[in-house]
Amino acid sequence: MFIRENLTYVAAPLPHREPRDDGQMAAAAQAFRDTMATRHTVRDFSSRPVPKAIIEDCIRTAGRAPSGANHQPWHFAAIASPSIKAKIRAAAEAEEAKFYASTSHDEWIKALEPIGTGPDKPHLEIAPWLIVIFGERYGQFDDGTRYKNYYVPESVGIASGFLIAALHMAGLSCLTHTPNPMGFLGEICNRPASNKAMMILAVGHAADDASIPAVAKIKKPLADIMTCFE
């Protein structure tokens, strides 16, 4: 996307400006808050298909996220192939089995008990789509010369938030999954060495009998997550 000889600043008018009064802004903020309050992470997925076009549009939304130096250091591998999903599940479960068997992770495993997770990850095959999110540690100019990407974890984290919100707005459910280590994902998804896997999103429709951990409904109050200086 970058041309090495053309990296100069050019000002452009701010597009898509939509002036709103305070009442309109408050209503819009509350409506979005209420919509996102209905978002829940699920592990029980329906096998109902999800059209590829919907996934593409949600990823387009993620691609609109801000990023360090506008380098957009992310790549989204969208996977519907049953064979590839099976490979990812097998590799992820192998890593998860090691994690749950290790006594060095006892505190972490104890913290996960209210969530009800374990080493088995059937959702990685049942969900119609897996989206593997990669951070690009460096990019390349057209001539093959490398350039550094900046604030990669922060940029990819913001884009991932955009994606999760877009999926919810489309009526879909998702589950974030971060097997550790995740090096196998780069190999399975045929990504270059510059790419580092950061997250798997299992995406689809929640099963009719889907449930969530009761603790997941407990959210910190505003006073615990915000400090205001006026």
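**Entry 1: strands 1 and 2.** I looked up the pairing of strand 1 (residues 74-79) and found six bridges joining it to strand 2, with the two strands running antiparallel. The model I am reading is a predicted one. For one register point I took Ile 79, whose bridge partner in strand 2 is Leu 130.

**Entry 2: cover over strand 2.** I next asked how many residues of strand 2 (residues 129-136) are buried. The count is eight of eight. I then separated the two faces of strand 2. One side carries Trp 129, Ile 131, Ile 133 and Gly 135, and the other carries Leu 130, Val 132, Phe 134 and Glu 136; all of these are buried. I noted that Glu 136 is listed among the buried residues.

**Entry 3: strand 6 and its partners.** I followed strand 2 to its pairing with strand 6, which is antiparallel over eight bridges. Leu 130, already recorded as the partner of Ile 79, stands opposite Ala 202 in strand 6. Strand 6 (residues 195-204) also pairs with strand 5, again in the antiparallel sense, over five bridges. Here Ala 202 is the bridge partner of Leu 175. I therefore recorded Ala 202 twice, once opposite Leu 130 and once with Leu 175. 

**Entry 4: strand 5.** I checked the cover over strand 5 (residues 173-177) and found it mostly covered, with four of its five residues buried.

**Entry 5: the chain as a whole.** I counted eight helices and six strands in the protein chain. Read along the sequence, their pattern is α-α-β-α-α-α-β-β-β-α-β-α-β-α. The C-alpha trace spans about 55 × 50 × 40 Å along its principal axes. Of the 230 residues, 34% count as buried. I also looked up contacts between residues at least 6 apart in sequence: 81% of them join residues at least 24 apart. The chain exposes about 14700 Å², of which carbon and sulfur atoms supply 55%.

**Entry 6: the annotated region.** I consulted the UniProt record, an unreviewed entry, which annotates residues 37-205 as "domain: Nitroreductase". In the model, this stretch is 39% helix and 21% strand. Its end C-alpha atoms are 17 Å apart.

**Entry 7: a nonpolar patch.** Finally, I asked which residues make the nonpolar surface patch of about 330 Å². They are Leu 222, Ile 225 and Met 226. Leu 222 is found in helix 8 (residues 222-225). I checked whether Leu 222 is buried or exposed: its relative accessibility is 56%, so Leu 222 counts as exposed, the cut-off for that class being over 50%.

Terms used
Residues numbered from 1 in each chain as written. Predicted model: local features only at pLDDT ≥ 70, side-chain atom pairs only at ≥ 80, totals over all residues. Heavy atoms only, no water. Patch = residues over 30% accessible without salt bridge, like charges linked within 9 Å, V, L, I, M, F, W, Y side chains within 5 Å. Areas by Shrake-Rupley, 256 points an atom, 1.4 Å probe, with all protein chains shown as cover. Salt bridge = Lys/Arg side-chain N within 4 Å of Asp/Glu carboxyl O. Buried < 20%, exposed > 50% of the residue type's maximum accessible area, 1.4 Å probe, protein only. UniProt positions renumbered as here; feature names shortened; annotations may be inferred. Contact = heavy atoms within 4.5 Å. Pairing = 2+ DSSP bridges.
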